[in-house]
Amino acid sequence: MALVNMRDLLNHAYHGHYAVGAFDVISLEFLQGVLQGAEEARAPVILNFVVPQFRYYDFELLAAAAVAGARRSPVPVALHLDHAADLDHVTLGIRHGCNGVMIDGSHLPFEKNVELTRSVVQTAHGCGIAVEGELGIITGYAGDDQAEPGPGVYTWPDEARQYVRQTKVDFLAVSVGTVHGIRPERSDLDLERLTRINRAVGIPLVIHGGSGLTDAQCECLIDRGVARINYYSGLSQIAARRLRSNCLVDRTGGAAALNQGVSEAVRREVARCLAVWGAAGRAEAVFAAASPWQEVEHLIIYNSTDTDAHVEEMMEEGRRALGAIPGVRRVFAGRAIKEGAKYLYCWLVRFAHPKVVDSYRDHPGHVAFADTRFRPTSAARISIDFQDTGGAAAATRPADAVGGRRVPG
Ligand SMILES: [Zn+2]
């Protein structure tokens, strides 16, 4: 189990003066390349899922693969949901395994941005999930807005202080001259502004639009509190170049032949970035400092005073109502296979994090379902909240893991 707590990871980077790469995952080739690049660099890494990119792939499928890949990775991995517009996006991201979320209210007036961010922080923190907010506008998002970078869209240090204090975000995305995508000319960075923002907020800062920055510019950003760099366009161009050259070399090849070497190209670039940003060789130190990220299983076995058909109806209702509660990853409900079993029915609700035990219990959706549908007919029941201790133990043994491939599990 190499999934680690996102908050611990970025705090480690912030205080250790390096930056973790957050690489957008848009396909299985990217996922493999990013994980292998981090492994090669023995660096922690963030798998980034960007909401506006969901039109290109099936988030649920790719996130499941990312969770499986992160679990067997020998280096620390966290999953992030980027550019969520509302609480529904955030709940979806948590349900599919993200342990960090970004709420993007940067286009809203300050007070509205604070209001939206605060409500997301309240829910996400109740699920143990770290939150990134954004203040100032990072331009160039495809189809979003094409405003030029400059003081008109940059983050203001005093506003940043107020925003962080009022919202309690864990990380802050700042606008200091980077843009989404790649611009033909070099980005001019307002480093003086970044220094003042860092002093004002004292939490890990995030740079969106890491492509097109020089190595020296990245070092200047990291010196001023940047602990995470989002990087996609550069990676995407490298992958596209490989695809184009495959097409030229092999004009009759099938899809598998045309995809050859794409994940290797991603791997090399990821390893290079992680070395430049100072994250290479940090895997063991992060394992020692960051708590493992592990789900909780909430198990209830019970008997009912109602008929089988009514219990089945009640379970179907529960799958829907409980499955929609933030922090719930999955709801299983069923009946014992053997007749005459001591307990006939079972609920197994999977929570993203131990904090969900409390927020779930108090959530109005759970309270209503439990009080009106479940408890009145299920007098005899026992319950337990538990974690798989095998997974947690594995995450505290970095020496065994780094450098060798652990058995998937
Ligand atoms: Zn972004």
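## Helix contacts, a zinc site and two unusual histidines

Visitor: Which residues of α7 do Pro 157, Ala 160, Arg 161 and Val 164 in α6 meet?
Guide: This is a predicted model. Contact here means heavy atoms within 4.5 Å. On that basis, the four α6 residues meet Arg 193, Arg 196, Ile 197, Ala 200 and Val 201 in α7.

Visitor: How many nonpolar, polar and charged residues are in the contact of α6 with α7?
Guide: Arginines appear on both sides, with Arg 161 in α6 and Arg 193 and Arg 196 in α7. Arg counts as charged, while Ala, Val, Ile and Pro count as nonpolar. The class count is six nonpolar, no polar and three charged residues.

Visitor: Is α6 roughly parallel or roughly antiparallel to α7?
Guide: The axes of α6 (residues 157–167) and α7 (residues 191–201) come within 8 Å and cross at roughly 30°. Angles under 35 degrees count as roughly parallel. So α6 is, relative to α7, roughly parallel.

Visitor: At roughly what angle do the axes of helix α2 and helix α11 cross?
Guide: Helix α2 covers residues 28–41 and helix α11 covers residues 262–276. Their axes come within 7 Å. The two helices are oblique to each other. The crossing angle is roughly 40°.

Visitor: How many nonpolar, polar and charged residues make the contact of α2 with α11?
Guide: The α2 side includes Phe 30, Val 34, Gln 32, Gln 36 and Glu 40. From α11 come Val 262, Ser 263, Val 266, Arg 267, Val 270, Ala 271 and Leu 274. By class, the contact has nine nonpolar, five polar and three charged residues.

Visitor: Which residues of α11 are met by α9?
Guide: The axes of α9 (residues 233–249) and α11 come within 9 Å and cross at roughly 145°. This crossing is right-handed. From α9, the residues involved are Leu 235, Ile 238, Ala 239, Arg 242 and Leu 243. In α11 they meet Val 262, Ala 265, Val 266, Glu 269 and Val 270.

Visitor: Which residues are the protein donors of the zinc ion?
Guide: The donor residues are spaced H-x96-H-x27-H in sequence. The donors lie 2.0 to 2.1 Å from the ion. They are His 83 (NE2), His 180 (NE2) and His 208 (ND1).

Visitor: How many residues apart are His 83 and His 208?
Guide: His 83 sits in strand β3, and His 208 in the loop between β7 (205–207) and α8 (215–223). Both are buried. The pair links distant parts of the chain, with a separation of 125 residues.

Visitor: What is the phi of His 83?
Guide: Most residues other than glycine have a negative phi. His 83 goes the other way, with a positive value in strand β3 (residues 77–84). Its phi is about 60°.

Visitor: Is His 17 buried or exposed?
Guide: His 17 lies in the loop between α1 (6–16) and β1 (20–24). Its phi is also positive, near 60°. The cut-off for exposure is over 50% relative accessible area. His 17 has 55% relative accessibility, so it counts as exposed.

Visitor: Which residues is Gln 217 in contact with, leaving aside its neighbours within four places in sequence?
Guide: Gln 217 lies in helix α8. With a relative accessible area of 13%, Gln 217 is buried. Beyond those neighbours, the contacts of Gln 217 are Arg 186, Ser 187, Leu 189 and Gly 212.

Methods
Residues numbered from 1 in each chain as written. Predicted model: local features only at pLDDT ≥ 70, side-chain atom pairs only at ≥ 80, totals over all residues. Heavy atoms only, no water. Buried < 20%, exposed > 50% of the residue type's maximum accessible area, 1.4 Å probe, protein only. Donors = N, O, S within 2.8 Å, 3.2 Å for Na, K, Ca; no water. Axes fitted to C-alpha atoms, helices over the stretch in contact; angles between N-to-C directions. Parallel < 35°, antiparallel > 145°, perpendicular 65-115°, else oblique. Left-handed = near helix turned anticlockwise from the far one by under 90°.
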